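Open the model in your viewer and keep the selection panel handy. We will go from one selection to the next, with a short note on what is there at each stop.

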Amino acid sequence: MAESLTLDLADAGATEAFGERLATALLRSGAAGLNVHLEGDLGAGKTTLVRGFLRRLGHAGRVPSPTYTLTEPYALAGWRIAHIDLYRIRDPRELADLGLRDTLGPAVVTLVEWPDHGAGHLPAADLRIGLQVSGSGRHLCCQALSVTGSSIVDLLAAIPGLQEPAAP
Ligand SMILES: Nc1ncnc2c1ncn2[C@@H]1O[C@H](COP(=O)(O)OP(=O)(O)O)[C@@H](O)[C@H]1O
Ligand SMILES: [Mg+2]
C-alpha cells in the first residue's frame, strides 16, 4: 500500500490536473467518502487544486474561494462536497460558535484549506496534501492517513501521466 506520493507541478494547469486526477481516483475507489486536508501558504495553489477536482466531477461554474463564507457546498456525481477555507479562523472554538458541523451537514467529501485553524472540529483526514512554492512552480506531497487514503494514493499512482519526479 502506498503511503505517499510527491510531484512537481510546473504551472497552475498542472495543479488543476492533479485535482482532476484526485477526483478520478475517488471515482475509481468506490470509497463512501473522503476528507482531504490542503496545506500550504497563501498562494500555494490549494484552491486551484479544488477547482480541478470539482471540474472533473462535472462542475461547470466558478469556484469561489470560501475565505469569507468558510464553506461552499457542491452536489456533483452523486457526492455531497464541501470546500472549506478556515484562513480567517483564529481559534478553532470559533467554529463551534459558527456551527461548522451543522453547515457541513452530511457532506461526504470535504476539501479543507487551513485545516490547522479548525483542529478538533473537522472530520479526520484521509489525505494530507501539502503544496509549496518551488521555483516558478509548486512541489506537492500527498500523504495517506487512513486505509481509504492509501487506496486513493495507490489509484493516483496508477493514473497515466502522474509519475513521481525522477531522482536528481
Ligand atoms: N503549480 C503551479 N505553478 C505556478 N503557479 C501556480 C501553480 N498552482 C497554482 N498556481 C497559481 O498560484 C496562485 C494562487 O493559487 P490559489 O489556488 O488561489 O492558492 P491558495 O488557495 O493556496 O491560496 C494562482 O494565481 C494560481 O494560478
Ligand atoms: Mg485558497
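Let's begin with two helices: H1 and H5 cross in the right-handed sense. Keep in mind throughout that this is a predicted model.

**Stop 1: H1 and H5**

Select Arg21, Leu22, Ala25, Leu26, Arg28 and Ser29 on H1, together with Ser151, Ile152, Leu155 and Leu156 on H5; these residues make the contact. By class, the contact of H1 with H5 has 6 nonpolar, 2 polar and 2 charged residues. The axes of H1 and H5 are 9 Å apart, and the helices pack at an angle of about 120°.

**Stop 2: H5 on the sheet**

Now show helix H5 in full, residues 147-158. H5 lies across strands E1, E2, E6 and E7, and its direction runs at about 135° to E7.

**Stop 3: the whole sheet**

Hide the helices for a moment and color the strands. In what order do the 7 strands of the open sheet come? The order is E1-E7-E6-E2-E5-E4-E3, and the pairing is mixed. At the edges you will find E1 (4-9) and E3 (71-76), each pairing on one side only. From one strand to the next, the twist averages 15°.

**Stop 4: E7 and its two partners**

Select strand E7, residues 137-144. With E1, strand E7 pairs in the antiparallel sense over 6 bridges. Two pairs are good to label here: Leu7 stands opposite Leu140 in E7, and Leu5 has Cys142 of E7 as its bridge partner.

Next, turn to E6. E6 and E7 also pair in the antiparallel sense, over 8 bridges. Pick Gly130 and you can find its bridge partner, Cys141, in E7. The hairpin of E6 and E7 has 2 residues between the strands, and Gly135 there takes a positive phi near 60°.

**Stop 5: H2 on the sheet**

Bring the helices back and select H2, residues 46-56. Which strands does H2 touch as it packs on the sheet? They are E2 (34-39), E3, E4 (79-85), E5 (109-113) and E6 (127-134). The direction of H2 makes about 160° with that of E5.

**Stop 6: H1 and H2**

Add H1, residues 12-29. The axes of H1 and H2 come within 7 Å and cross at roughly 45°. Angles from 35 to 65 degrees fall outside the parallel and perpendicular classes, so H1 and H2 are oblique to each other. The crossing of H1 and H2 is right-handed. To see the contact, select residues including Ala12, Thr15, Phe18, Gly19 and Leu22 of H1, with Thr48, Leu49, Gly52, Phe53 and Arg56 among those of H2. In the contact of H1 with H2, the residues divide into 8 nonpolar, 5 polar and 5 charged.

**Stop 7: ligand 1**

Finally, center the view on ligand 1. Which of the 16 residues around ligand 1 come nearest? Select Ala12, Gly45, Lys46, Thr47 and Thr48 to see them. H1, H2 and E7 each supply at least two residues of the shell around ligand 1, which brings elements from earlier stops back into view. By class, that shell divides into 5 nonpolar, 7 polar and 4 charged residues.

Conventions
Residues numbered from 1 in each chain as written. Chains lettered and ligands numbered in written order. Predicted model: local features only at pLDDT ≥ 70, side-chain atom pairs only at ≥ 80, totals over all residues. Pairing = 2+ DSSP bridges. Helix = DSSP H or I, 4+ residues; strand = E, 2+ residues; numbered from the N terminus. Axes fitted to C-alpha atoms, helices over the stretch in contact; angles between N-to-C directions. Contact = placed C-beta atoms within 7 Å. Parallel < 35°, antiparallel > 145°, perpendicular 65-115°, else oblique. Left-handed = near helix turned anticlockwise from the far one by under 90°. Nonpolar A, V, L, I, M, F, W, Y, C, P; charged D, E, K, R; others polar. Near = placed C-beta within 6 Å.
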